Amino acid sequence: MSDAIKAATLEYATRLGDDSVVLGHRISEWVSYGPFLEEDIAYGNVALDYIGRARMFYTYAAELANDGRTEDDFAYMRSDREYRNLLLMEMPKGDFAYSQVRQLFADVYYSLVLPELLKSKDETLSAIAAKGIKETKYHLRRSRDWVLRLGDGTEESHKRTQKAVDALWGYTHELFDMDETEQLLADAGIGVDVSKLHSAWHKQVSDILTEATLNVPDDGWAVRGGRTGYHTENLGHMLTEMQIVHRSHPGCQW
Amino acid sequence: MTKPTEKLELFEVFVRSKRGLDHKHVGSLHAEDHEQALEYARDCYTRRSEGVSLWVVKSSDICASQEDDADCFYDPNDDKPYRHATYYVLPEPVNNM
């Protein structure tokens, strides 16, 4: 592996780990606040899938960095400006409709990205994708179900779900941006060219929203910045809570 | 305020732990419909690799025997030992029943 590829792969694994840990944490905020016990347990399972995925990406990043850092350093010792997650993942959990709409957007995204990552020449990334594909198939089944139920449910649930779709739509464009790092890896057959997945994502999401009697928003506005460390104010608050124990008691074990 | 689960159906969950074994009743849960009940059964009852197959049945579809019927249902069988294979003396050559 050349130095340039190695550095890019480290950055890439970190980005994918950041996406997973941030979304996983947001989902975990529902634990004990779910609408009823069964959903509480089910959604908690999804959070665990994402946190498990983050661990795999971070462990690989730590291995590539080879500077003594561990997966914990990646998760707990970086500030919001060092995080490289997509903005969509860091948005606060909102109401249940909001979380399920974000989940649908993310799940459709991963159902397209992971099969591409599976083809990666990098064996570790490919292996992580293989595990993620099965998880995502189930996640998507759930979030699709919920968006259909809520969108085509009561007047109140329809209103809230449409509001969530409109509020989150502008954060979805960033999911398909490429930069030099990701282009280098895509050209090398290691990373995924996400720009090629946008139309498939738009089609799938639009079909589900339409079936749920929801409007597909216009692409009037777009927010970007997660991949360069320019986040919404929400990430800092989230990391403060997520990192407090580790930062207060470095190296603490139980 | 009504609890959210009051508007949901109750389902009974049966799990087959491995191929060749019977589905066993493991508990119940609330869900909107069969589809969602299957998903919750997966999340609530198989997260530690307990199963390879799931059944969910609406609890209201189960017709259960009543405690009051116990005397006429089961007691009459107590004095019919000839319904048990052990009642019969087996011929000598049959020694592995």
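Here a trainee and a mentor talk through a predicted model with chains A and B.

Trainee: What makes chain A a helical chain, with helices rather than strands?

Mentor: Just look at the tally: chain A has 10 helices and 0 strands. Read from the N terminus, its elements go α-α-α-α-α-α-α-α-α-α.

Trainee: How do you know whether chain A is as compact as a globular protein of that length?

Mentor: You set its radius of gyration against the globule rule. Chain A comes out at 18 Å, and the rule gives 18 Å for 254 residues, so chain A is as compact as a globular protein of that length. Its C-alpha atoms fill a box of roughly 55 × 45 × 30 Å along the principal axes.

Trainee: And what makes chain B compact or spread out?

Mentor: Try the rule again. For 97 residues it gives 13 Å, but the radius of gyration of chain B is 21 Å, well over that, so chain B is more spread out than a compact globule. Its C-alpha trace spans about 65 × 35 × 15 Å along the principal axes. Chain B has 2 helices and 3 strands, in the order β-β-α-β-α. Buried residues are 14% of the 97 in chain B, and in chain A they make up 41% of 254.

Trainee: Why is A:S79 called buried or exposed?

Mentor: Count C-beta neighbours inside 10 Å. A:S79 has 12, and exposed means 12 or fewer, so A:S79 counts as exposed. You'll find A:S79 in the loop between α3 (71-76) and α4 of chain A. Its C-alpha atom is 28 Å from that of A:F96, and those two are 17 residues apart along the chain.

Trainee: How do you know that the length of helix α10 of chain A agrees with what it should span?

Mentor: α10 (residues 233-248) has 16 residues, and at 1.5 Å a residue it should span 22 Å. The end C-alpha atoms are 22 Å apart, so the two values agree. There's still a kink of about 45° in α10(A), centred on A:M242.

Trainee: Which residues of α10(A) are buried, and what covers them?

Mentor: A:L235, A:M238, A:L239 and A:M242 are buried. The cover includes α1 (3-28) and α4 (87-90) of chain A.

Trainee: What makes a group of residues a nonpolar core?

Mentor: They have to be buried nonpolar residues joined through C-beta atoms within 7 Å. The largest core here has 67 residues, and A:F57, A:L88, A:F105 and A:Y109 touch the most other members. Helix α5 (residues 96-117) of chain A gives the largest share, 13 residues. Another core, of 5 residues, lies apart from it, with A:Y83, A:L235, A:M238 and A:L239 among them.

Trainee: Which residues does A:L88 touch, leaving out those up to four places away in sequence?

Mentor: A:L88 touches A:R102, A:F105, A:A106, A:L168, A:Y171, A:T172 and A:L175.

Trainee: How do you know that chains A and B are in contact?

Mentor: Contact here needs C-beta atoms within 7 Å. On that basis, 9 residues of chain A are in contact with 12 residues of chain B. On the chain A side, α2 (37-65) and α6 (123-151) are the elements that give two or more residues, and α2(A) gives the most, with 4. By class, that side has 4 nonpolar, 1 polar and 4 charged residues.

Definitions and conventions
Residues are numbered from 1 along each chain as its sequence is written. Chains are lettered from A and ligands numbered from 1 in the order in which they are written. This is a predicted model: local features need pLDDT of at least 70, side-chain atom pairs count only at pLDDT 80 or more; totals for chains, interfaces and linings use all residues. A residue is buried if 20 or more other C-beta atoms lie within 10 Å of its own, exposed if 12 or fewer, and partly exposed in between; C-beta atoms are placed from the backbone. Two residues are in contact if their C-beta atoms, placed from the backbone, lie within 7 Å. Ala, Val, Leu, Ile, Met, Phe, Trp, Tyr, Cys and Pro count as nonpolar, Asp, Glu, Lys and Arg as charged, and the others, Gly among them, as polar. The radius of gyration is taken over C-alpha atoms; the globule rule is 2.2 Å times the number of residues to the power 0.38. The expected span of a helix is 1.5 Å times one less than its number of residues. The bend at a residue is the angle between axes fitted to the seven residues ending there and the seven starting there.
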